[in-house]
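Me: I'd like to go through this one with you and ask why things get the labels they do. Can you pull it up?

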Amino acid sequence: MATGVVAALVCIGVSLLFLMFAGGKEADHSQALATGTWNRVVPLIRQGPLPSVLHDGKGVAIQVLDAHDRVVSATRQLVGKPPMAAFRSTSEDVRAARVLCPPAGLKGCMTVVSYKIYQLDGVWLLYLAVPVVPWYGDTTALFLAIGVSLLVVTMMTAWAFRDLTKVLFPVNAIRMELAEITATGLHRRVPVPGKYEEIKCLAETANDTLDRLEGAYQQLRRFTSDASHDLRSPITAMRAQLEEALMYPRDTDWPKMTEAVLTGVERLQAIVTDLLALARLDAGAPLLRDATDLGRLVDAEVSHRTYRVEIVKDLARNVFICCDRLRITRVLVNLLDNAERHATSKITVSVRADGQTATLEVVDDGAGIAVEHREMVFDRFTRLDASRDRDAGGTGLGLAIAREIAEAHDGTLTIEDSERGARFVLRLPVCDPPPAADPDGSSETRSPSAGADDGEARPRPSARKSWTISNARGGRAS
C-alpha cells in the first residue's frame, strides 16, 4: 500500500505537469488559430466587397461589423444573427478578448476576440470566437494522463506486492518457527532461505543464537543435576547419621559423628560460597584495588599452605599490579588446588614481568588438557570426565570464577602449551608501585584460606579431613 500511495503521488505530480504543458500548448494553438484567421480576414475586408458568408476557419466563428455596427459578413452558424458581443477594445488598443458563456448565437463558453479595423467610413469590428481552452488542454490529454497513471500505479502496486510477498514468506516462516520453539524443542532451527542475503543472514544469526541457547540450557541442566546431587548427598548423609545417633544415643561415638556432620556442612558451605562469588562477579561488584607485589603475594600464599606434591617457585619481585588482593588470591588458590589434584609429583609456580604485563604461571606435571577442551574447562558448570572421576563432589565453578576475576581486573586466564601437564597462564596489567612498599612484605594480603573470600566465610582448616572451597569445586575443570 505504501508503494501504491507513493506511485500515485508521483503519477499525480507528473500528470499535473503534463496536463499543464498540454493546456499551454492548446492555448498557444488557439491563439495561433485566431491570429491566422485575423490575417486571412483583414485583407478581405480591406479589398472588399466581403461575401455575406465567410469560410469557416477550423471551427472559428467570425463576424464582421461595419462602422454602423451592422453585421455585413459572418460564418455559416452566425448568418442572420445579431452581433455575438457588444464590447470593443479601448482607444489605445486594437484588440480585446473576453470569455462569454455563451456568445450571442453560439453555444457553450467561448473566447471572443474583438479587433478594430480602420476603414474610410469609420472603424469596423472583427469578432472571432474560439472554444475556451481548459488548463488541462483537452479531454484526450486528461484521459491519457488518468489512464497512464492508473496503469503505472496498478503495475507498481502489483509488483511490490508480489516481491514483498516473496520476501516476507521466509520471514513469516522464521517467525512461526521461533514462536513454536520452547524449552523442550530447543533442537529446532529456523529455515534458511536460499536467496535474499539479508534474510539469510537473519536466519543464520537466529540459528546461531538458538545453538548458544541450547548449549547454555544443556549446561544449566547438567549443573542442576550435578548441584542437586552434590547438595543432596551430604544432606542425606548428615540426616542418616543424625537419625542413627538419635535412635542409638548410647552406642554413638558423638565426636566422630559430629566430625562427619561438620565435614558435610563445610562441603555445602563451599558450594554455596562458589555460587555467591559468581553472583557477585555477575553483578559487577566493585573491586578494592591496591598496588600489590604479585611475587610476594604468591610467595605468601604458597608458603602458608601444605601440599602433597613439591612446589617449585620462580617468583620475580617488584612486579606490581593494582588488584583486589582477596580475589587474586582466590584465583591463585583455585589454580593451585586444580594443579595439585592432577599433578604427579611437582607444581611449578612462576611470576615475571613481560613489558606492561604481569604474568603468573601454574604448571603441573600431570596428564594435561586436550587442546579442544582448553576453553571448555572455563565454562560454568563444566567438568571433564577425568575431573568427575577424581573429584565427584565438584560443581565446575572454580575455573569459571578464576577467569571472571581475571577479566574483572582487565586481564586474561588461559591454558597454553607445555611439555607436560597443564599450564595455566594469568596475565594482568602492571601498575606503579606504592609510594612506600614495606620491604618485609607486610603490605601483602593476608591469606584468605584463614579468613574470608569475597565477603563469605571459608571453611576452617582442622585436623579432620579439611574441605576448602577449592576442594568442593571439582577437578581439572573445577
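Reply: Sure. A search of the whole structure turns up 20 salt bridges. This is a predicted model, where local features need pLDDT of at least 70, side-chain atom pairs count only at pLDDT 80 or more, and totals for chains, interfaces and linings use all residues. Residues are numbered from 1 along each chain as its sequence is written, and side-chain values use heavy atoms, with hydrogens and water left out.

Me: Why is the pair Glu214 and Arg189 called a salt bridge?

Reply: The term asks for a side-chain nitrogen of Lys or Arg within 4 Å of a carboxyl oxygen of Asp or Glu. Here N to O is 2.6 Å, so the pair qualifies.

Me: What makes that pair a link between distant parts of the chain?

Reply: Glu214 sits in helix H3, while Arg189 is in the loop between helix H2 (139–180) and H3, 25 residues apart. Helices here are DSSP runs (H or I, at least four residues), and strands are too (E, at least two), numbered from the N terminus.

Me: How do you know that Asp299 and Arg317 make a polar contact?

Reply: Such a contact needs a pair of N or O atoms within 3.5 Å; within protein, one must be able to donate a hydrogen and the other to accept it, and residues adjacent in sequence count only if both atoms are side-chain atoms. The side chains of Asp299 and Arg317 are joined at 3.2 Å, so the distance fits. Asp299 is in helix H5 (residues 294–304).

Me: Which peptide bond is cis?

Reply: The one joining Cys101 and Pro102, with omega about -10°. Pro102 lies in the loop between strand S4 (95–100) and strand S5 (110–119).
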